[in-house]
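Please open the structure in your viewer and keep the selection tool ready. This tour proposes one selection at a time and then describes what is found there.

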Amino acid sequence: MHPLLAQQIKQTFGLDAEKLAAVLAELRPLGEDKTLSGQAAGLLAGLPAFFQQTDQHYAQNECELLLFGTVFDRAGEAIVVTDAQGLITNVNPAYERITGHRREEVLGKNPNINKSGRHDLAFYQDMWGQLLETGHWAGEVWDRRKDGGLYPKWLSINAIRDASATLTHYVAIFLDISDQKDAEHRLERLAFYDALTGLPNRLFFRDRLAHAIAQARRQGSQMALLFVDLDRFKWVNDTMGHAAGDDLLKEIACRLQGCVRESDTVARLGGDEFTLILTNVDHSDHVAMLAQKLIAAIREPVILLGQNVHVGVSVGIALFPKDANDMETLIKYADIAMYQAKGAGRNTFRFVSADLHAKAFNRIAMEDDLHQALQRQELIPYYQPKLDLATQRLSGAEALARWVKPDGSLVQPNQFIPLAEETGLILPIGQRILTIACRNTAAWTQGQSLPFKMAVNISSREFQQPNLLEQISHTLQETGLPAERLEIEITESMVMGNVEKAIAVMHGLRNLGISLAMDDFGTGYSSLGYLRRFPLNILKIDQSFVRHLPGGQGEGAIVDAILAMAHGLGLKVVAEGVETEEQLEYLRQRECETIQGYLFGKPMPEAAFLTFLRQYTG
Ligand code: C2E
Ligand code: MG
Ligand code: MG
């Protein structure tokens with residue numbers, strides 16, 4: 001290409017060499033440089049005299065102008081030429097195509113007839129400032145087409161000066177970049193929004209939260225983070241199908257958004273986890289009110305597959321800066337508060353509390369410790385003897401878990417069993433206690449015909465294990481303990497969830513030859529109707545009733561009633577927590593079969609228990 005031409009086009013349009021090459025490709029029929037052909041050659045052919053008369057330099061310029069005119073007409077970019085006052089003197093066909101304005105309509109007008117109204121005064125002031133100072137401006141601008149439609153364009157403007165440096169024209173060249181923008185926008189949506197609900201996703205949520213925290217910090221204001229968890233989503237998904245599950249999530253997303261201000265953020269973190277970021281929170285009461293509003297909104301039935309479905313929700317709340325001073329802690333606390341809300345029952349909300357901070361901290365540390373304790377075999381059974389009141393002989397023992405720390409200190413089960421239940425660690429812990437208790441009992445009772453049963457507690461998590469029966473019978477086989485020597489203690493609460501299934505499991509255990517005891521009787525549902533249907537051998541009266549014996553009429557009456565009822569159902573009774581001779585005497589008179597308590601013996605480690613056992617068995 002002729003360097004002069006390249007330079008001229010470059011000056012006028014601000015096009016770089018590559019761009020220019022692309023534009024010129026459109027002019028291929030005209031030929032590059034001076035080898036004019038086709039239309040251009042034809043035009044030039046009409047001017048042979050002129051061409052021959054003028055000097056070479058002038059002729060060259062004419063050629064270039066001609067080329068230039070073709071570029072102007074054929075360019076894909078819109079080109080607008082204005083005079084020094086900024087009034088349009090020429091536009092090209094691409095301009096007409098992009099803006100919808102015909103050339104005649106815009107000549108003599110200001111290009112701002114296309115203004116979108118999207119940019120403020122400062123934007124245009126900056127543009128003009130730079131243009132006057134450097135002679136060039138380029139950037140993205142939103143404009144309006146003749147039909148009113150908005151579109152983004154990449155605009156490049158050059159100020160043209162003549163030989164004496166007087167500003168004569170402005171030339172603007174622009175491209176419609178809607179397609180490019182759409183693609184960008186779609187990519188952005190994919191990266192930052194949840195495809196199902198259209199809510200911000202986890203990534204965007206974190207971005208907004210960081211932003212909200214920074215803003216609150218700057219303004220000295222308060223903000224709230226809410227974690228929202230649906231309690232029946234899995235059920236809907238499993239029983240009604242994924243399409244119904246999706247509909248449910250969309251509906252919930254909509255209801256959540258309906259509860260907050262436009263400046264607040266509702267996001268979906270995945271699954272049925274939603275979060276809300278509330279900015280400028282004046283008082284925590286307002287957050288509580290909003291949480292109530294959310295709960296009420298979600299509580300309304302959702303119609304799925306033509307059915308009314310009720311879903312509940314749990315909401316956990318943490319406040320910045322009151323509860324946490326950084327993002328990660330705030331998220332963690334809102335999450336903990338949500339679990340607390342879940343634990344407190346459906347359709348509740350909880351603020352994270354100072355107490356909860358400490359608990360959560362302890363919990364995390366404790367969970368870790370418990371894991372290690374299990375690995376280091378620090379969890380072992382202690383054994384508490386049971387006395388048969390009729391024969392005054394030892395009739396068995398209960399295995400009670402203890403955590404013996406390396407320094408020799410003991411941790412009681414009520415300090416770790418609930419956590420173990422929650423985390424699922426109870427499964428390996430329970431299995432370990434069962435195995436050791438069975439192995440010890442097998443060794444102690446081998447070759448003896450004494451009546452001695454080892455009672456082992458199982459938790460509801462263990463009770464719900466589908467392979468519970470296989471595991472227990474495998475443990476019996478492995479340890480060589482006859483099933484008749486094992487007693488399993490269950491509690492009322494763990495069987496009340498699904499009574500029929502529980503009854504089937506109990507029958508399974510009985511069929512193995514194992515005895516079944518109902519522990520802590522009187523503290524749970526104590527439903528006589530069910531009790532009749534449970535294949536039990538033993539009722540254990542909870543120690544809270546035994547503690548006040550003989551006491552006044554009230555306490556005695558409960559124990560009397562339980563004994564009468566149990567005997568009526570053909571069950572034997574163990575009284576727990578017997579600490580005094582008076583209690584023992586009271587129970588003996590009412591034909592309670594067995595007692596367990598500090599009076600007869602405390603829970604003790606294996607070696608001590610063996611000594612205790614030998615005293616009774618000689
Ligand atoms: P539980 O099964 O009702 O056990 C009886 C509890 O009463 C034991 O508490 C025992 O030490 C205590 N106790 C016995 N006699 C007396 C007495 O005369 N006075 C008083 N004040 N207390 C007495 P422990 O060992 O702290 O166990 C608490 C609970 O932890 C147990 O209640 C049981 O529900 C659970 N647990 C213990 N070991 C295991 C286990 O291996 N697995 C499961 N799932 N739970 C266990
Ligand atoms: Mg027990
Ligand atoms: Mg008990």
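The stops below visit a sheet, a helix, two metal sites and the nonpolar cores of a predicted model.

**Stop 1: strand β6**

Select residues 223-230, which form strand β6. Is this strand enclosed or open? Of its 8 residues, 8 are buried, so β6 is largely enclosed by the rest of the structure. Now show the side chains. Met-223, Leu-225, Phe-227 and Asp-229 point one way from the strand, while Ala-224, Leu-226, Val-228 and Leu-230 point the other way. Both sets are buried.

**Stop 2: the partners of β6**

Add residues 313-320, which are strand β11. This strand pairs with β6 in the antiparallel sense, over 8 bridges. To see one position of this pairing, select Leu-226, which stands opposite Ile-317 in β11.

Next add strand β8, residues 273-278. Here too the pairing with β6 is antiparallel, and 6 bridges join the two strands. Two positions are worth selecting. Asp-229 has Glu-273 in β8 as its bridge partner, and Ala-224 stands opposite Leu-278 in β8.

**Stop 3: the whole sheet**

Extend the selection to the open sheet of 5 strands, whose order is β7-β8-β6-β11-β12. Its pairing is mixed. Which strands stand at the edges? They are β7 (265-270) and β12 (348-351); each has a single partner strand, so one side of each is left without a neighbour in the sheet. Viewed along the sheet, neighbouring strands are turned against each other by 20 degrees on average, with direction ignored.

**Stop 4: helix α12**

Select residues 242-259, the 18 residues of helix α12. The distance from its first C-alpha to its last is 26 Å, close to the 26 Å expected at 1.5 Å a residue. Colour the buried residues of this helix: Ala-244, Gly-245, Leu-248, Leu-249, Ile-252, Ala-253, Arg-255, Leu-256 and Cys-259. What covers them? The covering elements include β6, β7 and β8 from the sheet, together with α11 (233-240), α13 (284-299) and β9 (302-304).

**Stop 5: three parallel strands**

Move to strand β14 (residues 393-404) and strand β16 (residues 453-457), which pair in the parallel sense over 4 bridges. Within this pairing, Gly-396 has Lys-453 in β16 as its bridge partner. Then add strand β17, residues 486-491, which pairs with β16, again in the parallel sense and over 4 bridges. Val-456 and its bridge partner Ile-488 in β17 mark one position of this second pairing.

**Stop 6: the magnesium ion (ligand 2)**

Select ligand 2, a magnesium ion. Which protein donors lie 2.0 to 2.2 Å from it? They are Glu-398 (OE), Asn-457 (OD1), Glu-489 (OE) and Asp-519 (OD). Along the chain, these donors follow the spacing E-x58-N-x31-E-x29-D. Glu-398 lies in strand β14 and Asn-457 in strand β16, so this pair ties together parts that are 59 residues apart in sequence. Compare the accessibility of the two: Glu-398 is buried, with a relative accessible area of 3%, whereas Asn-457 is partly exposed, with a value of 28%.

**Stop 7: the magnesium ion (ligand 3)**

Keep Asp-519 selected and add the magnesium ion of ligand 3; Asp-519 bridges the two ions, which lie 4.1 Å apart. The coordination of ligand 3 comes from Asp-519 (OD), Asp-520 (OD) and Glu-576, which is listed twice (OE and OE), at 2.0 to 2.6 Å. The spacing of these donors along the chain is D-D-x55-E. Asp-519 lies in strand β18 (residues 515-521) and Glu-576 in the loop between β20 (572-575) and α25 (581-589), so the pair ties together parts that are 57 residues apart in sequence. Both Asp-519 and Glu-576 are buried.

**Stop 8: the nonpolar cores**

In soluble globular proteins, nonpolar side chains tend to be buried together. The largest nonpolar core of this model has 78 residues, and Phe-463, Leu-486, Phe-534 and Leu-587 touch the most other members. Helix α17 (residues 426-445) contributes the most to this core, with 9 residues.

Finish by selecting Leu-587. Apart from its neighbours within four places in sequence, Leu-587 is in contact with Leu-389, Val-546, Leu-549, Val-559, Ala-575, Val-578, Cys-592 and Ile-595. A second, separate core has 37 residues, including Leu-256, Val-260, Val-266 and Val-311.

Methods
Residues numbered from 1 in each chain as written. Chains lettered and ligands numbered in written order. Predicted model: local features only at pLDDT ≥ 70, side-chain atom pairs only at ≥ 80, totals over all residues. Heavy atoms only, no water. Core = buried A, V, L, I, M, F, W, Y, C linked by side-chain atoms within 4.5 Å. Buried < 20%, exposed > 50% of the residue type's maximum accessible area, 1.4 Å probe, protein only. Contact = heavy atoms within 4.5 Å. Donors = N, O, S within 2.8 Å, 3.2 Å for Na, K, Ca; no water. Pairing = 2+ DSSP bridges. Axes fitted to C-alpha atoms, helices over the stretch in contact; angles between N-to-C directions. Expected span 1.5 Å × (residues − 1).
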